[in-house]
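Here is a short tour of how some helices in this protein pack together. Take a look at the sequence and the model first, and then read on.

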Amino acid sequence: MNAAARKQGDGALPTGSRRFDRRRLMALVVKESHQALRDPSTLLIAFVLPVVLLLLFAYAVSLDAKNVRVGVVLESPGASAQSLAAAFSGTRFLDVHFAHDRREVADQLVSGALRGYVVIPQDFEQRLARRGSEPLVQIITDGSYPNTANYVENYARGVVQSWRAGRGAAAPQQAVMLEPRYWFNPELESRRALIPGAIAIVMTIIGTMLTALVVAREWERGTMEAVLSTPASVAEILIGKLLPYFVLGMLSTLGAAALAVFVFGVPLHGSLAALLLLSAVFMVPALGQGLLISSLARNQFLAAQIALFTGFLPAFMLSGFLYEIDAMPAPIRAVTHLIPARYFVESLKTVFLAGDIWAVFVPNLLAMAAIGVVFFGLAKRATRKNLE
């Protein structure tokens with residue numbers, strides 16, 4: 001009895017000094033993989049949720065202003081005014097409603113039925129004949145939607161300029177002709193910029209929320225304490241728990257990339273190897289953050305709320321996915337440097353639309369890896385405290 005106790009005491013090692021063992025690690029990985037495959041919610045989050053979110057971002061979210069409802073008030077009966085009104089109805093960006101009294105469209109602008117209107121005045125023919133700098137039309141927009149108001153103004157100006165240019169001699173002479181040229185997204189389709197960013201948001205949800213919920217569920221059921229009481233070290237337990245979800249995340253990334261290229265028509269100018277490398281490094285802070293949340297919360301509902309407010313919302317709002325970081329106030333811009341999705345969104349847009357530009361990738365990879373190391377260090381420390 002005493003000999004057995006001495007043998008057990010000699011073989012037992014403190015928590016911090018347990019040696020890393022590959023066989024124990026593989027056993028934990030196999031156990032966690034079986035548990036993940038038996039859990040329908042895990043597979044739902046990993047494979048169904050990305051498809052649903054990408055469909056929403058591809059078809060429900062758009063930064064393109066097409067078919068904007070505007071009015072055209074035709075006060076002049078002249079042929080030139082009729083020609084300009086026909087030019088407004090011929091553009092695919094505007095949904096034009098004609099009227100002869102500006103009071104009709106003014107009421108529709110107030111009610112929100114129209115986003116703006118263009119007035120072709122009664123003296124339009126005289127203004128056109130003078131060929132001076134006097135404006136030909138009046139453009140009124142709804143300022144409660146600033147972006148749409150700018151679109152309406154720019155589209156209306158473009159229609160008038162194109163119409164005047166088509167009249168030949170009636171167009172004012174210009175000393176310099178500007179020909180705009182757009183790199184990486186020549187069609188100016190917002191979908192091509194939104195879909196790569198949406199992949200980053202999806203990966204944030206999978207990495208952070210999935211890990212937080214799954215591990216918190218084990219804390220609730222008491223199985224986490226049983227695992228921590230085994231001879232496995234803290235590092236083996238953490239790595240064994242996260243490796244299956246790392247593989248799920250990488251498979252989800254491949255599926256999302258395939259959807260982006262073959263279904264949504266987003267070009268992949270970079271290499272698949274660069275895409276996988278960026279995704280693998282991003283999964284490190286995402287999984288580490290989820291593990292840290294679960295170690296601190298130990299409750300599924302609380303872990304989900306913390307993951308939502310510290311993972312999904314910052315990635316959605318502060319990563320540059322929808323809102324330009326350069327347009328944010330300086331304190332908020334400083335906070336964005338702590339958001340891993342900021343670096344992943346920029347890298348994904350680069351690899352999809354521009355190609356393999358390692359001058360962009362390398363700083364982002366280093367930043368994501370550094371944040372991941374911090375998260376894992378904090379999670380390891382919190383788990384050790386729980387074990388003690």
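The report below covers two helix pairs, one helix face and one buried residue.

Please keep in mind that this is a predicted model.

**Two partners of α11**

Let's begin with helix α11, which spans residues 272–297 and approaches helix α8, residues 190–221. Helix α10, residues 234–263, also comes within 9 Å of α11, axis to axis. The table puts the two pairs side by side.

| Helix pair | Axes come within | Crossing angle | Handedness |
|---|---|---|---|
| α8 and α11 | 7 Å | roughly 30 degrees | right-handed |
| α10 and α11 | 9 Å | roughly 135 degrees | right-handed |

How do these angles translate into arrangement? An angle under 35 degrees counts as roughly parallel, and α8 and α11 are therefore roughly parallel to each other. The α8 side of this contact includes Ala200, Met203, Gly207, Thr211 and Trp219, and these belong to a set that meets α11 residues, among them Phe282, Met283, Ala286, Leu287 and Ile293. By residue type, the contact of α8 with α11 holds twelve nonpolar and eight polar residues, with no charged ones.

The second pair has its axes crossing at roughly 135 degrees, and that makes α10 oblique to α11. On the α10 side, the contact residues include Leu238, Leu242, Tyr245, Phe246 and Met250, while α11 contributes Leu272, Leu275, Leu276 and Ala280, among others. This contact of α10 with α11 counts 14 nonpolar residues, three polar and no charged. Met283, Leu287 and Leu291 of α11 take part in the contact with α10, and Met283, Leu287 and Leu291 are also listed among the α11 residues that meet α8.

**One face of α4**

Which residues of helix α4 (residues 79–89) are buried? They are Ser80, Ala81, Leu84, Ala85 and Phe88. Viewed down the axis of α4, these buried residues fall within an arc of 140 degrees, so they line one face of the helix. The general rule behind such a pattern is that an α-helix has 3.6 residues a turn, so residues three or four places apart point the same way. The buried residues of α4 pack against three strands, β1 (68–74), β2 (94–99) and β3 (116–120), and against helices α6 (124–130) and α7 (146–166).

**A closer look at Val227**

Finally, Val227 sits in helix α9, residues 223–228. Is Val227 buried or exposed? Its relative accessibility is 12%, so Val227 counts as buried. Leaving aside residues up to four places away in sequence, Val227 touches Leu28, Lys31 and Ile237. Of these, Leu28 is 199 residues from Val227 in sequence, yet their C-alpha atoms are 9.1 Å apart in space.

Notes. Residues are numbered from 1 along each chain as its sequence is written. This is a predicted model: local features need pLDDT of at least 70, side-chain atom pairs count only at pLDDT 80 or more; totals for chains, interfaces and linings use all residues. Side-chain values use heavy atoms; hydrogens and water are left out. Axes are lines fitted to C-alpha atoms, for helices over the stretch in contact, and angles run from 0 to 180 degrees between N-to-C directions. Helices (H or I, at least four residues) and strands (E, at least two) are DSSP runs, numbered from the N terminus. Angles under 35 degrees count as roughly parallel, over 145 as roughly antiparallel, 65 to 115 as roughly perpendicular and the rest as oblique. A crossing is left-handed if the near helix is turned anticlockwise from the far one by less than a right angle, and right-handed if clockwise. Contact means heavy atoms within 4.5 Å. Ala, Val, Leu, Ile, Met, Phe, Trp, Tyr, Cys and Pro count as nonpolar, Asp, Glu, Lys and Arg as charged, and the others, Gly among them, as polar. Buried means under 20% relative accessible area, exposed over 50%, partly exposed in between (1.4 Å probe, protein chains only). The arc is that of the directions from the helix axis to the C-beta atoms.
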